[in-house]
Amino acid sequence: MTRQLLASVRALLLATVVLGLAYPLLMTGFAQVVVPSRADGSLVTSAGGTVVGSSLIGQGFVDADGAPLPQYFQSRPSAGDWDGAASGGSNLGPSSPELADAVASRRSEVASFNGVPESAVPDDAVTTSASGLDPGISPAYAAIQVDRVAAARGVSPSEVQALVSAATHGRDLGFIGAPFVDVLDLNLALDRAFG
Amino acid sequence: MTGWLQVGLLVLALGLAHKPLGDWMARVFTAEKHWRVEKLAYRVVGVDADAEQRWPTYLRSVLAFSLVGVLLLYSLQRLQALLPLGNGMPGVEPSSAWNTAVSFVTNTNWQGYAGESTMGHLVQMAGLAVQNFVSAAVGLAVLVALVRGFLRRGTDRLGNAWVDITRAVVRLLLPLAVVATVVMVLGGVVQNLSAGTDVTTLAGGSQFVPGGPVASQEAIKELGTNGGGFFNANSAHPFEGPTAWVSLFQVFLMLLIPFSLPRTFGRMVGDRKQGLAILGVMGLLAAVSVSLISTFQAGALPEGQEVRFGGPLSSLFAAATTLTSTGAVNSMHDSYTPLGGMVTLFNMMLGEVAPGGVGSGLYGMLVLAVVAVFVAGLMVGRTPEYLGKKLGRREMTLASLYILTTPAIVLVGTAVAVAVPAGQAGMLNSGPHGLSEVLYAFTSAGNNNGSAFAGLSANTPFWNTALGLAMLLGRFVPIVLVLALAGRLAAQGKVPVTAGTLPTHRPLFAGLLTAVVLVVVGLTYFPVLALGPLAEGLS
């Protein structure tokens with residue numbers, strides 16, 4: 001057994017050097033040369049040129065008190081309050097009374113905030129995502145926010161709608177996944193267009 | 001509709017890949033010649049690559065390699081504050097470090113910790129990802145030893161564990177991982193060494209944007225059916241699963257090797273139809289499972305799901321990750337409908353044989369094939385035989401112990417955990433769903449899956465210890481039994497095929513095997529499923 005243990009120590013040290021250092025570092029080198037911006041997390045900058053986040057990582061568009069800002073499209077609720085150091089979902093089961101209460105209260109808040117009936121509020125607007133950092137909302141959730149954003153910015157809904165369409169991603173290859181609107185990209189475009 | 005197109009594309013890709021890959025794997029484990037880099041590795045490790053091992057020696061190599069792996073990974077985590085690239089994170093707490101070390105060495109990749117707030121880049125790369133490679137290689141080695149047991153006659157030699165592990169890494173896992181990393185980097189998965197940046201968000205708040213060598217780890221995490229996420233949210237995290245097509249690609253990666261191995265098996269035993277029969281059973285069980293989860297999840301609230309993936313891709317991922325021993329998630333299973341969640345649970349309870357983990361799935365299925373042949377033998381009153389080997393009392397004892405091991409771990413573990421306060425304290429949801437969380441945890445650990453009903457607060461000394469034991473026993477007791485069985489089989493001669501031999505490459509046998517898989521599992525777990533997900537689903 002001693003022989004096997006010694007061989008194991010040497011084998012694992014070798015594996016650590018090759019698989020644990022050489023492989024990931026060479027891959028990092030490759031990624032940094034070929035697609036540096038993607039490899040660094042698809043960071044996006046504001047009109048002023050400062051980095052404001054990643055187009056892949058969702059943000060909360062709320063004021064310091066947590067109230068939604070009407071001039072921005074709102075993301076889905078986040079179980080981790082958009083904390084990039086604490087990703088995860090609520091993990092509440094379908095029979096959880098806590099989940100049922102949260103969904104009901106969010107539905108009425110979203111409906112009144114956007115001035116639409118509760119029946120028009122899509123499910124993704126009232127549920128938390130798996131990552132807590134979902135960058136996307138459904139096109140249906142974007143649609144009910146257009147009038148409110150347009151009013152808050154004093155522009156016509158059709159101008160806002162054009163930007164929504166530009167930020168909408170279809171299904172990959174036409175059938176993989178689901179269509180979504182990248183909220184940070186959309187809000188950045190709004191700021192750029194209307195200041 | 002688009003959901004079924006995704007499944008169709010996946011099946012097409014697997015169909016195209018499994019033949020060349022299956023043939024290649026057969027050559028990897030049967031080729032006479034060593035590659036030059038391999039010879040170098042054998043010299044460093046200090047083993048004679050041309051000396052074959054008896055089954056106890058083969059087993060000792062595998063166990064020693066895994067034991068040292070646990071110690072090394074435990075030390076790395078405990079010492080991370082003193083090592084470079086630790087991102088300023090403190091050493092991992094002992095019970096969590098033990099749990100995580102066992103978890104990655106056993107190919108489970110259960111995660112009681114949250115990656116982004118616990119593990120620095122060095123531990124992720126040089127600790128966790130290394131075990132992602134070698135634990136998968138160990139699974140392949142054990143499988144190959146079992147296949148040699150069927151193949152060989154009158155010998156006590158099963159091959160050389162060091163050679164099998166080395167070749168699995170050098171000729172298979174590493175090249176595939178490099179390709180997969182490149183694809184995922186192009187798809188937007190991050191790959192850098194940044195410790196993360198704090199940014200001021202558009203609304204004026206602040207947000208931490210994490211960094212890390214994620215793509216290189218993600219590649220082997222799926223390919224090796226490991227499943228341990230770089231981040232807490234696993235493949236649902238936008239930096240691990242940035243787009244829907246990348247997520248579908250990850251599903252492909254986790255199914256790739258397990259669905260190609262039946263071809264390898266058929267090649268090695270010299271009868272491709274034997275492999276096809278096994279593949280048929282795996283494919284049937286997988287197809288039913290995907291259909292059931294998709295049906296039960298249709299119209300469910302998207303709680304715990306990402307908009308860009310949508311419902312169908314989330315269900316497909318959930319099916320694939322529990323049918324294999326991966327355990328990565330792109331949606332949170334705890335928030336699934338009771339019956340949808342039950343199917344993911346049942347997938348693992350099947351013993352992860354459809355198609356199962358890398359290596360472990362097929363050796364599990366071959367043991368079940370032995371049981372199926374035995375059942376058929378009882379019906380007609382003949383001594384059962386499989387692939388020319390007689391299955392006597394000793395062989396059947398080993399196979400029976402194998403199929404009893406995991407259920408015993410899962411059911412005893414669950415019973416203890418719901419009986420003691422330290423176990424009950426972990427449940428997030430109440431009532432039957434709380435029981436499902438506990439049952440899921442032990443099922444996942446005992447079967448070396450690693451996914452979770454993640455509401456369970458499992459990063460406590462009780463849960464870390466209990467699940468660590470479940471993972472350890474669930475991995476190595478079956479390995480001991482499989483290698484002992486391989487040794488018994490190799491020592492036998494070959495029985496000639498007669499008119500009374502049950503052909504094991506026909507649909508009749510495939511049907512019998514499917515029935516054995518379902519009945520053995522169904523009867524074992526039905527009572528506890530009735531108390532958990534079924535009770536919740538029917539109330």
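This report covers the chain contacts, the main pocket, the salt bridges and some local backbone features of a predicted model.

**How the two chains meet**

Chain B and chain A are in contact through 94 residues of chain B and 88 residues of chain A. Together they bury about 6900 Å². Carbon and sulfur atoms account for 68% of that area. On the chain B side, Leu202(B), Glu303(B) and Val307(B) lose the most area to chain A. Those three make up 12% of what that side buries.

The count of salt bridges between chain B and chain A is one. Asp134(A) forms a salt bridge with Arg308(B), with the closest N and O atoms 3.7 Å apart.

**The largest pocket**

The largest pocket holds about 740 Å³ of space. Its lining has 31 residues. Nearest the centre lie Gly60(A), Val62(A), Gly66(A), Gln74(A) and Trp82(A). Which elements each supply at least two residues of the lining? They are helix H3 (97–114) of chain A and strand E2 (206–209) of chain B. H3(A) gives the largest share, five residues. By type, the lining divides into 11 nonpolar, 14 polar and six charged residues.

**Salt bridges**

Over all chains, the structure holds 17 salt bridges. Three within chain B are set out here, with the helices they join.

| Salt bridge | Closest N to O | Elements of chain B | Separation in sequence |
|---|---|---|---|
| Asp23(B) and Arg263(B) | 2.8 Å | H1 (residues 2–30) and H9 (residues 244–268) | 240 residues |
| Arg171(B) and Glu38(B) | 2.6 Å | H7 (residues 161–186) and H2 (residues 36–45) | 133 residues |
| Asp164(B) and Arg148(B) | 2.9 Å | H7 and H6 (residues 121–151) | 16 residues |

The Asp23(B) pair links distant parts of the chain. Its partner Arg263(B) has a relative accessible area of 15%, so Arg263(B) counts as buried under the 20% cut-off.

The side chains of Arg171(B) and Glu38(B) also meet in a salt bridge, and this pair too links distant parts of the chain. Are its two residues buried or exposed? Arg171(B) is buried, at 6% relative accessibility. Glu38(B) is buried as well, with a relative accessible area of 0%.

In the third pair, Asp164(B) lies in helix H7 and Arg148(B) in helix H6, so the salt bridge ties those parts together. Both residues are buried. Elsewhere, salt bridges that share partners join Arg76(A), Asp134(A), Glu306(B) and Arg308(B) into one network.

**Helix H8 of chain B**

Helix H8 spans residues 214–223 of chain B and is mostly covered. How many of its 10 residues are buried? The count is 10 of 10. Among them are the charged residues Glu218(B), Lys221(B) and Glu222(B). The buried residues pack against H6, H7, H9 and helix H11 (310–323) of chain B. They also pack against helix H1 (2–34) of chain A. Just after H8(B), Thr225(B) takes a positive phi of about 45°.

**Ala136(B) in helix H6**

Ala136(B) lies in helix H6 of chain B. Its relative accessibility is 0%, so Ala136(B) counts as buried. Leaving aside neighbours within four places in sequence, Ala136(B) is in contact with Asn107(B), Gln131(B), Leu173(B), Gly224(B) and Val358(B). Leu85(B) is 51 residues from Ala136(B) in sequence. In space the two are 26 Å apart, C-alpha to C-alpha.

**Backbone details in the loops of chain B**

A cis peptide bond joins Ala354(B) and Pro355(B), with omega about 5°. Pro355(B) sits in the loop between helix H12 (338–349) and helix H13 (360–380).

Asn109(B) is not a glycine, yet has a positive phi of about 65°. This residue is found in the loop between helix H4 (94–105) and helix H5 (115–118). Asn109(B) counts as buried, at 0% relative accessibility.

Leu387(B) also has a positive phi, near 55°. The loop that holds Leu387(B) runs between strand E3 (385–386) and strand E4 (389–390). At 16% relative accessibility, Leu387(B) is buried.

Note on methods. Residues numbered from 1 in each chain as written. Chains lettered and ligands numbered in written order. Predicted model: local features only at pLDDT ≥ 70, side-chain atom pairs only at ≥ 80, totals over all residues. Heavy atoms only, no water. Salt bridge = Lys/Arg side-chain N within 4 Å of Asp/Glu carboxyl O. Helix = DSSP H or I, 4+ residues; strand = E, 2+ residues; numbered from the N terminus. Buried < 20%, exposed > 50% of the residue type's maximum accessible area, 1.4 Å probe, protein only. 1 Å grid on protein atoms, 1.4 Å probe; cavity = no way out; pocket = protein on both sides within 12 Å on 5 of 7 lines; lining within 4 Å. Points joined across faces, edges and corners; volume = space filled by probe spheres on them. Contact = heavy atoms within 4.5 Å. Buried area = accessible area lost by both parts, 1.4 Å probe.
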